[in-house]
Amino acid sequence: MKKVTIITSLYKAEKYLKSFLENIVKQTIFDDCELFLLDGNSPENEYEVIKPFLSYENIRYERLEKDPGIYGCWNYMINNSDSKYITNANVDDRLIFNSIERHVEILDRFPIFDVSYCLNVVSEIARSFDYSLALVEEVNSNPALFERLVKTGEQQIFPTGCFSKKNMLETNLPHNHPMWRRSIHKDCGMFDTENYISGSDYDFWLRACIEFNKKFILIPEVLGVYYNNPEGMSTKKSNIDRNMDEFRNINEKYRALYYSL
């Protein structure tokens with residue numbers, strides 16, 4: 001059994017996949033991880049990209065006959081793996097070389113916490129995605145470069161903050177690649193795929209902290225690059241109204257619960 005399952009859902013992901021895989025296998029504790037790639041019946045040729053990487057015994061690929069959506073894929077991968085910790089990795093984001101290791105260190109050291117999350121810089125829409133990939137490659141071998149880019153403002157840090165229930169009601173603090181204990185699902189259930197398309201993670205984190213009093217911790221280090229993808233599920237212009245409706249619905253539900261406790 002591996003210590004960490006990295007869950008990655010695939011749908012029209014071919015464009016980003018090769019560089020994503022090259023980035024993930026460089027993680028310092030990748031040998032203690034299982035990368036679970038779940039293809040949600042994508043019309044593209046993801047398998048051909050993945051095939052050379054299946055020489056890694058800890059990379060697992062499955063394809064579904066019907067796309068259940070990103071959070072349906074997450075639930076499937078969680079239910080069909082057995083690691084102590086789970087983290088998600090999006091094909092259009094990138095991790096600093098020791099990102100997963102740092103999350104594991106924190107959760108191992110502080111058993112009171114159920115979820116860890118970190119700082120990320122934003123790759124702006126105006127920049128080419130190739131620039132982001134090149135930057136990550138440099139940063140992986142030279143962490144000091146990353147610090148300089150942030151300090152000079154050349155890269156912006158995605159807005160997040162220290163954990164509190166009130167802060168969670170303001171924004172989805174864990175954002176794009178938190179790590180959490182598998183055991184959290186025994187109490188909190190799974191990601192809600194019936195009521196939400198893009199907001200199921202925000203619903204789950206609020207359910208965990210407000211309804212079940214689970215504890216989250218911010219690692220105050222920049223450990224990833226978030227690509228503000230104009231075609232992403234949560235960032236595509238045509239999805240904005242739906243996403244905002246979901247956010248308001250989730251927020252109102254848990255705000256009412258928070259103030260009733």
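Biologist: Hi! Which residues of H3 are buried?
Modeller: The buried residues of H3 are Tyr71, Gly72, Cys73, Trp74, Asn75, Met77 and Ile78. Buried means under 20% relative accessible area, exposed is over 50%, and partly exposed lies in between, with a 1.4 Å probe and protein chains only. Helices (H or I, at least four residues) and strands (E, at least two) are DSSP runs, numbered from the N terminus.

Biologist: And where do these values come from?
Modeller: This is a predicted model, with local features needing pLDDT of at least 70 and side-chain atom pairs counting only at pLDDT 80 or more, while totals for chains, interfaces and linings use all residues. Residues are numbered from 1 along each chain as its sequence is written, and side-chain values use heavy atoms, leaving out hydrogens and water.

Biologist: Thanks. What covers the buried residues of H3?
Modeller: The cover includes S1, strand S2 (33-39), strand S4 (85-88), strand S8 (179-181), H8 and H9. Seven of the ten residues of H3 are buried, leaving this helix mostly covered. Cover here goes by contact, that is, heavy atoms within 4.5 Å.

Biologist: How many aromatic pairs does the structure hold?
Modeller: There are 19. Rings of Phe, Tyr and Trp (its six-membered ring) pair if their centres lie within 6.5 Å; planes under 30 degrees apart count as stacked, over 60 as edge-to-face and the rest as tilted. Tryptophan 74 and phenylalanine 191 have ring centres 5.1 Å apart and planes at 80 degrees, so this pair is edge-to-face. Because tryptophan 74 lies in helix H3 (residues 70-79) and phenylalanine 191 in the loop between helix H8 (184-188) and H9, the pair ties together parts that are 117 residues apart in sequence.

Biologist: Are tryptophan 74 and phenylalanine 191 buried or exposed?
Modeller: Both tryptophan 74 and phenylalanine 191 are buried. They also belong to one aromatic cluster, formed by Tyr71, Trp74, Phe163, Trp180, Phe191, Phe204, Trp205 and Phe216.

Biologist: H9 next, please. How many of the twelve residues of H9 are buried?
Modeller: Eleven, so H9 is largely enclosed by the rest of the structure. Among them are Phe204, Trp205 and Arg207.

Biologist: An arginine in there? What does arginine 207 touch?
Modeller: Not counting residues up to four places away in sequence, arginine 207 touches Cys188, Gly189, Met190, Asp192, Phe212 and Tyr254. Arginine 207 counts as buried because its relative accessibility is 11%.

Biologist: What span should H9 have?
Modeller: At 1.5 Å a residue, its twelve residues should span 16 Å, and the end C-alpha atoms are 15 Å apart, which agrees. The expected span is 1.5 Å times one less than the number of residues.

Biologist: And which residue with a positive phi follows H9?
Modeller: Asparagine 213, with a phi of about 60 degrees although it is not a glycine. Asparagine 213 sits in the loop between helix H9 (200-211) and strand S9 (216-227).

Biologist: Switching to charges: how many salt bridges are there?
Modeller: The count is 13, where a salt bridge is a side-chain nitrogen of Lys or Arg within 4 Å of a carboxyl oxygen of Asp or Glu. Lysine 3 and aspartate 108 form one of them, at 2.5 Å from N to O. That pair links distant parts of the chain, 105 residues apart: lysine 3 is in the segment before S1 and aspartate 108 in helix H4 (residues 99-109).

Biologist: Which residues are linked with Asp108 in a network?
Modeller: Lys3 and Lys84 join Asp108 in a network of salt bridges. For lysine 84 and aspartate 108, the N to O distance is 3.9 Å.

Biologist: Which side chain of opposite charge is nearest to glutamate 46?
Modeller: Arginine 63, at 5.4 Å; glutamate 46 is buried yet has no salt bridge. For charge, Lys and Arg count as positive and Asp and Glu as negative, while His and the chain ends are not counted. Glutamate 46 is in helix H2 (residues 46-50), and the residues it touches include Lys12, Glu14 and Asp39.

Biologist: What about the phi of lysine 12?
Modeller: Its phi is positive, about 50 degrees, although lysine 12 is not a glycine. Lysine 12 is in the loop between strand S1 (4-10) and helix H1 (14-24).
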